[in-house]
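Got the viewer open and a selection tool handy? Here is a walk through the fold, one stop at a time.

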Amino acid sequence: MNASRFDVLLEPVEIGPITARNRFFQVPHCNGMGYRDVSAHAEMRAVKAEGGWAVICTEQAEIHHSSEITPFIELRAWDDRDIPAMARIAERIHDGGSLAGIELCYNGMNGPNLYSRVAPMGPAHLPVAAFTADPVQARRMDKGDIADLRRWHREAVRRSLAAGYDLVYVYAGHALGGIHHFLSPRYNDRVDEYGGPIENRMRLLREVLEDTIEEVDGRAAVACRITVDELLGEEGITRADIGEVVEALGELPDLWDFVLGSWEDDSVTSRFGEEGEQEAYVRGLKELTTKPVVGVGRFTSPDTMVRMVRSGVLDLIGAARPS
């Protein structure tokens, strides 16, 4: 066997102002440790860094108490008191020689706020879309609420930089984040400049990306994680929608992280999903941007990984729990 054909997987990749040492990228994923078990969380990420993954990301990091998913445990970036916990994780990732990424998230209509008891907010007056079908109603965000969300996100970006992260995510995927809810007609029935055609529904994403880029100011890379198809036809985000989004915003972030559908669609097990099954949905999007692209697909074969890179589908091989 000629091992040299796999050398492409060990090539460094530039992601804006940072460089990944190879093409292996642990995408953000939750683990149940979050803000509560910070030392365990840090050590779990550290093991992956020691194993050679070039980029190691956290799970969702909630940016504000008005959007939390208790009883589930995830990372928090609510205020400056969270910086030491955030920093401990980044430091252990760096100890293994890897880049540290953080996925900032405003859960929006996915957050029932059972702890904070604040009324959830989203693009529309609708019941929250939580895993546990909580009987909680979200209220439609007005322009002041949207301005607050943008400010909260900027403050979380600042905390991420203070904690030492190299890569900061803007999260618009999996039907778990508020930006996703604005993108999807399943949740967004607005008739103002944030609703209707896709050029309006992507407005919040554009604004948060621009805010993040301005706040980062070259001190870290900016990534955008986005659902490429909700698999609901015209009732949800379509592949055509995301083609328009990437055409319009393709050069804003330093990295695109493409995911499929909701979390359940994106995390199919080997019993029900073939290796690389997301290729059909992601192929062609890389052609719309000069920025590197990462994606997942339960990759187990290095030959498949090489084909993904050489055929121009992905630049980085992503994995969550399989990492």
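## Stop 1: a three-stranded sheet

Select Met 121 and look across to S9, where its bridge partner is Arg 139. Keep in mind as you click around that this is a predicted model. Next, pick Gly 122, which stands opposite Arg 140 in S9. Together S7 and S9 (residues 137-140) make two bridges and pair in the parallel sense.

Now colour S8 as well. S8 and S9 run antiparallel and are joined by two bridges; for one of the residue pairs, select Pro 127, whose bridge partner in S9 is Gln 137. Zoom out and you have an open sheet of three strands in the order S7-S9-S8, with mixed pairing. Its edge strands are S7 (121-122) and S8 (126-127), each pairing on one side only.

## Stop 2: strand S6 and its neighbours

Move to residues 99-105, which make up S6. How many of the seven residues of this strand are buried? Seven of the seven are, so S6 is largely enclosed by the rest of the structure. Show the side chains and you can sort them by direction: Leu 99, Gly 101, Glu 103 and Cys 105 point one way, while Ala 100, Ile 102 and Leu 104 point the other way, and all are buried.

Then bring in the pairing strands. S4 pairs with S6 in the parallel sense over six bridges, and Val 55 has Leu 99 as its bridge partner in S6. S10 (residues 167-172) also runs parallel to S6, joined to it by four bridges. Select Glu 103 to find a link to S10: its bridge partner there is Tyr 169.

## Stop 3: a glycine in a loop

Step back along the chain to Gly 52, in the loop between helix H1 (38-50) and strand S4 (55-62). Is this glycine buried, partly exposed or exposed? Gly 52 counts as partly exposed because its relative accessibility is 22%. Beyond its neighbours within four places in sequence, Gly 52 is in contact with Arg 21 and Asn 22. For a distance to try in the viewer, join the C-alpha atoms of Gly 52 and Phe 25: they are separated by 9.7 Å, with the two positions 27 residues apart along the chain.

## Stop 4: helix H3, end to end

Select residues 143-162, which form helix H3. Its 20 residues should span 28 Å at 1.5 Å a residue, and the end C-alpha atoms are 29 Å apart, which agrees. At the N-terminal end, Asp 142 caps the helix, with a side-chain oxygen 3.0 Å from the backbone nitrogen of Gly 144. After H3 comes Gly 164, with a positive phi near 95 degrees.

Which residues of H3 are buried? Highlight Asp 145, Ile 146, Leu 149, Trp 152, His 153, Ala 156, Val 157, Arg 159, Ser 160 and Leu 161.

## Stop 5: the cores

The largest nonpolar core has 71 residues; Leu 183, Leu 205, Ile 226, Val 245, Phe 258 and Ile 317 touch the most other members. H3, from the previous stop, gives the most to this core, with six residues. A second core of 19 residues lies apart from it, and its members include Ile 15, Ala 54, Leu 99 and Tyr 169.

Go back to Leu 205 and show what surrounds it. Leaving aside neighbours within four places in sequence, Leu 205 is in contact with Val 170, Ala 172, Ile 179, Leu 183, Cys 224, Ile 226, Val 245 and Leu 249.

## Stop 6: aromatic pairs

The count of aromatic pairs comes to five. Try Trp 78 and Tyr 115, a tilted pair at 6.4 Å centre to centre with 35 degrees between the planes. Trp 78 lies in the loop between S5 (75-76) and H2 (83-95), and Tyr 115 in the loop between S6 and S7, so the pair ties together parts that are 37 residues apart in sequence. Tyr 115 is exposed, with a relative accessible area of 53%.

For another, select Phe 182 and Tyr 194. Their ring centres are 6.2 Å apart and the planes sit at 75 degrees, so this pair is edge-to-face. Phe 182 is in helix H4 (residues 178-183) and Tyr 194 in the loop between H4 and H5 (198-201), so parts twelve residues apart in sequence are tied together. Phe 182 and Tyr 194 are both buried.

Key: Residues numbered from 1 in each chain as written. Predicted model: local features only at pLDDT ≥ 70, side-chain atom pairs only at ≥ 80, totals over all residues. Heavy atoms only, no water. Buried < 20%, exposed > 50% of the residue type's maximum accessible area, 1.4 Å probe, protein only. Contact = heavy atoms within 4.5 Å. Expected span 1.5 Å × (residues − 1). Polar contact = N/O pair within 3.5 Å; in protein donor to acceptor, adjacent residues only side chain to side chain. Core = buried A, V, L, I, M, F, W, Y, C linked by side-chain atoms within 4.5 Å. Pairing = 2+ DSSP bridges. Phe/Tyr/Trp six-rings, centres within 6.5 Å; stacked < 30°, edge-to-face > 60°.
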